[in-house]
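These are my notebook entries from a session spent looking up aromatic pairs, charges over rings, a pocket and one serine.

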Amino acid sequence: MAFPHAQVVVVGAGPVGLMLACEVALHGVPVVVLERLPAIEWRPKAEGITGRAIDIMDRRGLMVGVTEAPAMPLTAAQEARIAEGERRPDSLLPKAFPGARHFATMFLLRPESPDLLVPQQLLEEDLARRAADLGIEVRRGHTVTGLTQDDDRVRLDVDGPDGPYRMEADWLAGCDGGRSVVRKLSDIAFPGTDGVTSGYRAFAEIDDPGFHLPGWFRKDGGLLVYEERPPRFITLEFDGPPANRDAPITLEEFQEALRRLSGTKVTVTEVKKITRFTDNARQAETYRSGRVLLAGDAAHVHSHWSGPGLRLGLGDALNLGWKLAAVARGWCHEDLLDTYTSERHPIGAQTLEIQRASIALMRPGPYVDALRRLLTELLLRDEANRQLTSLVDDLHISYDMGDPALTGPLAGRYSPDLRLRCADGPVRLAELQRTGRALLLDLGAGPELRALAEPWADRVDVVTAECDEAPADALLIRPDGFVAWSPPAGPASLRGALTRWFGRPDRRLANE
Ligand SMILES: Cc1cc2nc3c(=O)[nH]c(=O)nc-3n(C[C@H](O)[C@H](O)[C@H](O)COP(=O)(O)OP(=O)(O)OC[C@H]3O[C@@H](n4cnc5c(N)ncnc54)[C@H](O)[C@@H]3O)c2cc1C
C-alpha cells in the first residue's frame with residue numbers, strides 16, 4: 001500500500017526544527033514539518049540569542065528589526081532598592097565590567113557582540129514566517145507516535161487532528177526536543193549524567209514586594225533571582241532533580257522554594273507563568289542512524305545557564321541543512337551526512353562539559369566560594385576572559401576539512417564577516433550568504449580559478465570582490481560559513497573540495 005510521501009520530514013517546529021526546515025528548503029527540497037502543539041507555546045524558555053547564533057541570524061537575514069521590549073520604567077524607590085541589592089555581599093550582579101554576561105552566575109564575560117535579549121517565541125514566530133515564505137508545510141497538531149526505517153525510506157505513524165495516519169519520507173530529522181520520540185524509536189542511546197539541581201522560572205505576584213532586595217543572589221541553598229517590574233523569579237537549589245518533572249507546579253511548592261532561599265515568610269498570591277528545570281546532561285551517541293538524524297535538544301540536553309541551548313541547536317541546523325538538501329537532491333552521496341555527527345558531536349560534548357563545570361561552580365558553600373574567587377582573578381585577565389567567552393559563545397569552533405596542504409591554512413575556520421566591494425557596490429559577506437548557497441569568493445585570484453567552479457554553478461555562487469582585509473586571494477565558503485578551501489592550496493585541490501562538499505557536478509536527481 002502506498003502512503004503519502006515527503007522527501008524530508010522534520011519532527012518538531014521548535015526553533016531548531018523550523019531553522020533546519022528553512023535551511024533544507026533554501027535548496028529547493030520540499031519539507032514537511034510535523035508539530036505536536038497546535039500553536040507556539042508562551043511559557044518561560046530561552047530569553048535571548050547569544051554568541052555565534054547572533055551571527056547565524058545575520059547570515060540568514062533573520063530577526064531583522066526584532067528588538068528587545070523596552071524595560072518597564074522604575075520608580076525612584078525601586079532604583080534605590082536595586083542599588084542597595086547590588087551592594088549586598090551576596091549580590092552576583094556585575095562589579096568588574098558593567099554590562100558583562102555571566103558564566104556560572106559570575107558576571108565577568110565580555111561578549112564580542114551584544115546579546116539579543118528576546119523571548120525564544122519571537123524567534124519561533126520569525127522562523128515560522130520564513131518557513132511560510134519558503135512554502136514549507138508546517139502541520140500543527142500532528143504528533144509522531146511510531147517510526148520504522150529500511151534502506152529506502154522512513155515510515156511514520158502520526159496522530160493528527162483528524163485521526164491517525166501513516167506517511168513515508170526519504171529522510172527524517174528529529175528536532176522534537178529533549179525527550180525526543182524520534183531518538184527513542186530509533187534506538188539511539190542517550191548517555192549522560194542525572195541532574196543535581198531543581199529550580200523554577202516564574203512570573204508571579206507576591207503580597208510583600210519588599211520581601212527581598214531585587215537582583216541575583218548567592219544563597220546558602222543555591223541561587224535567588226528577583227526582579228520587581230514585572231515580578232520575575234528564578235530559584236535554584238542543590239537538592240537533586242524534581243521527583244516528577246511533569247507534575248503540575250503548585251503555587252505552594254514555588255512559595256516554599258522562595259521561602260527557603262530568602263529566609264522570609266513571603267506569600268505568593270498568583271503564578272502567571274512558571275516552568276521547572278534541572279541540569280541533566282545527556283548526548284545522543286550518534287546524530288545519525290541510517291535515514292534518521294537528530295538536531296537540537298533531541299541530540300543533547302544540559303543545564304540552560306548561560307544560554308547554550310539555542311546557540312548549539314541553531315548551529316546543528318546550519319551544519320545539517322545544506323548537507324541533507326545535497327543528499328536529498330542526489331548531488332552528494334549519503335556519506336556526507338556522517339560529517340554532521342563528526343563535526344557537531346564534539347561541539348555538543350564540549351558544551352555538556354562546560355555546563356557541568358558551570359553547575360559545579362554554582363554550588364553553595366565555602367569551598368566553591370574559594371574556587372569562584374580564584375576564577376574571578378583569572379577572568380579579570382584579558383586573555384583568559386577572551387578564551388572563556390569564545391568557548392562559551394561557540395566562537396572557537398573549527399572543523400577538520402582534511403589535509404591542510406590540500407585545503408589551505410584557513411580551511412575549517414569560520415569566515416569573518418568581510419566587508420566587500422563588488423561590481424554592484426559594497427556588501428558584507430553575511431549578506432551574500434542569505435541565500436544559503438555555498439560561495440567561491442574571488443578576492444584577486446582571477447578568472448581561471450572562477451572558471452573551475454563553473455560546473456557547480458547550480459549549487460555554488462561565484463563572486464568577485466575587493467576586500468581591504470582579504471585573508472587570502474580566494475575562499476570557498478560552505479553554506480554554514482566555514483571555509484572549505486583557500487590558497488595557497490592549488491586549483492586541483494579546489495576541484496577536490498568542491499566535489500567533496502557539493503558533489504560531482506554531473507550528479508542530479510533522476511527526475512531533473
Ligand atoms: C526554563 C528554560 C529556560 C531556558 N533558557 C535558555 C536560554 O536562556 N538560552 C538558551 O539558548 N536556551 C535556553 N533554554 C533551552 C532552549 O529553550 C532549548 O535549547 C530550545 O528550545 C531547543 O530547541 P529545539 O527546537 O531543539 O527543541 P524544542 O524547543 O523543545 O522544540 C521541540 C518541538 O518538538 C515538538 N514535539 C515533541 N515531540 C513531538 C512529537 N512526537 N511529534 C511532533 N512534535 C513533537 C514539541 O512540541 C516542540 O515544539 C531554556 C529552556 C528552558 C526550559
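**Entry 1: a buried aromatic residue**

I began with Phe482, for which I read a relative accessibility of 4%; Phe482 therefore counts as buried, the limit being under 20%. I keep in mind throughout that this is a predicted model.

**Entry 2: aromatic pairs**

I searched the whole structure for aromatic pairs and obtained 13. One of them joins Tyr414 and Phe482 in an edge-to-face arrangement, with 5.1 Å centre to centre and 65° between the planes. I assign this pair to the edge-to-face class because its planes are 65° apart, and the class requires over 60 degrees.

I then located the two partners in the chain. Tyr414 lies in the loop between helix H11 (404-407) and strand S19 (419-422), and Phe482 in the loop between strand S23 (474-477) and strand S24 (483-485). The two residues are 68 apart in the chain, and the pair thus links distant parts of it. Is Tyr414 buried or exposed? Tyr414 has a relative accessible area of 14% and is buried.

I also noted a cluster in which ring pairs link Tyr200, Phe211, Tyr226, Phe233 and Phe254.

**Entry 3: charges over rings**

Which ring does the charged end of Arg52 sit over? I found it over the ring of Tyr414, 3.6 Å from the ring centre. Tyr414 is thus engaged by Arg52 on its ring and by Phe482 in the aromatic pair. Elsewhere I recorded the charged end of Arg478 over the ring of Trp501, at 4.5 Å from the centre.

**Entry 4: the second largest pocket**

I turned to the second largest pocket, whose volume is about 430 Å³. Its lining comprises 17 residues, and those closest to the pocket centre are Ser91, Leu92, Lys95, Arg372 and Thr376.

Which element gives the largest share of this lining? Helix H9 does, with four residues. Strand S4 (106-109) and helix H9 (366-379) each contribute at least two residues to the lining. I sorted the lining residues by class and obtained eight nonpolar, three polar and six charged.

**Entry 5: Ser186**

Last, I looked up Ser186, which I placed in the loop between helix H5 (181-185) and strand S9 (192-193). Its relative accessibility is 12%, so I list Ser186 as buried. Leaving aside residues up to four places away in sequence, I found that Ser186 touches Leu147, Ser289 and Val292.

How values were computed:
Residues numbered from 1 in each chain as written. Predicted model: local features only at pLDDT ≥ 70, side-chain atom pairs only at ≥ 80, totals over all residues. Heavy atoms only, no water. Phe/Tyr/Trp six-rings, centres within 6.5 Å; stacked < 30°, edge-to-face > 60°. Buried < 20%, exposed > 50% of the residue type's maximum accessible area, 1.4 Å probe, protein only. Lys NZ or Arg CZ within 6 Å of the ring centre and 35° of its normal. 1 Å grid on protein atoms, 1.4 Å probe; cavity = no way out; pocket = protein on both sides within 12 Å on 5 of 7 lines; lining within 4 Å. Points joined across faces, edges and corners; volume = space filled by probe spheres on them. Nonpolar A, V, L, I, M, F, W, Y, C, P; charged D, E, K, R; others polar. Contact = heavy atoms within 4.5 Å.
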